[in-house]
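User: I would like to go through the packing and the charged pairs of this chain. Please take one point at a time.

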Amino acid sequence: MMTKNLTIIFCCLFLFSCQHDPVLVPIPDARDAYVGKYAVHQTKNCYGPCDICHSVEDIILVVDYGTTDSTVIFQYREIPISVIESYYGYHYSLSIGNDSLHSWNMAGGLGCGVYIVQDGVRIDKNPK
């Protein structure tokens with residue numbers, strides 16, 4: 001009788017002491033703070049003797065996930081998220097933070113070209 005009780009106690013202890021698989025919680029993606037669709041107010045101004053132009057338009061631009069887990073893609077540029085709040089390139093700057101976007105670009109040659117300024121706010125967190 002004593003061994004039967006010990007066996008039952010041992011079996012109960014064994015069953016209740018088994019570890020269960022932990023619940024897997026997805027790791028948040030740091031790029032989620034920046035990706036999505038942005039409603040952008042874009043201004044273009046020409047410089048130099050090539051042409052005189054000025055245009056203003058409202059457009060939708062997309063910030064998408066980059067090829068690595070630490071980059072995003074905006075207008076064909078892959079930008080590390082570590083510098084996305086103050087990114088500077090050759091004749092280009094970008095700042096994305098707090099659901100807003102500001103971009104400045106100078107395109108063209110030595111004598112003439114265009115300045116493009118874009119200011120916008122994120123309207124959708126899904127880039128697709």
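Analyst: The turns below deal with a predicted model, starting with the core and moving on to the salt bridges.

User: Which strand supplies the largest share of the largest nonpolar core?

Analyst: The largest nonpolar core holds 16 residues. β1 (36-47), β2 (54-65), β3 (71-74) and β6 (92-97) each supply at least two residues of this core. The largest share, 3 residues, comes from β6.

User: Which residues does Val63 touch, leaving out those up to four places away in sequence?

Analyst: Val63 is among the core residues that touch the most other members, a group that also includes Ile84 and Leu94. Some of the contacts of Val63 are with residues of that group, namely Phe74, Ile96 and Leu101. With residues up to four places away in sequence not counted, Val63 touches Tyr34, Val35, Gly36, Tyr38, Val72, Ile73, Phe74, Ile96, Leu101 and Pro127.

User: How far apart in sequence are the parts that Lys37 and Asp124 tie together?

Analyst: The closest N and O atoms of Lys37 and Asp124 are 3.8 Å apart, and a salt bridge needs a distance within 4 Å, so the pair qualifies. Lys37 lies in strand β1 and Asp124 in strand β8 (residues 113-124), so the parts tied together are separated in sequence by 87 residues.

User: Is Lys37 buried, partly exposed or exposed?

Analyst: The relative accessibility of Lys37 is 22%. Buried means under 20% and exposed over 50%. Lys37 therefore counts as partly exposed.

User: Where along the chain is Lys128, the salt-bridge partner of Asp64?

Analyst: The side chains of Asp64 and Lys128 meet at 2.9 Å, N to O. The two residues are 64 residues apart, and the pair links distant parts of the chain. Lys128 counts as exposed, at 64% relative accessibility. Asp64 is in strand β2, whereas Lys128 is in the segment after β8.

User: Which element holds Asp99, the partner of Arg122?

Analyst: Arg122 and Asp99 form a salt bridge through their side chains, at 2.6 Å from N to O. Arg122 lies in strand β8, and the pair ties together parts that are 23 residues apart in sequence. Asp99 lies in the loop between β6 and β7 (100-108).

User: Is Arg122 buried or exposed?

Analyst: The cut-off for a buried residue is under 20% relative accessible area. Arg122 has a value of 13%, while its partner Asp99 is partly exposed at 35%. Arg122 is therefore buried.

User: How many salt bridges are there by this rule?

Analyst: The pairs discussed include Lys37 with Asp124, Asp64 with Lys128 and Arg122 with Asp99. By this rule the number of salt bridges is 4.

Conventions. Residues numbered from 1 in each chain as written. Predicted model: local features only at pLDDT ≥ 70, side-chain atom pairs only at ≥ 80, totals over all residues. Heavy atoms only, no water. Core = buried A, V, L, I, M, F, W, Y, C linked by side-chain atoms within 4.5 Å. Buried < 20%, exposed > 50% of the residue type's maximum accessible area, 1.4 Å probe, protein only. Helix = DSSP H or I, 4+ residues; strand = E, 2+ residues; numbered from the N terminus. Contact = heavy atoms within 4.5 Å.
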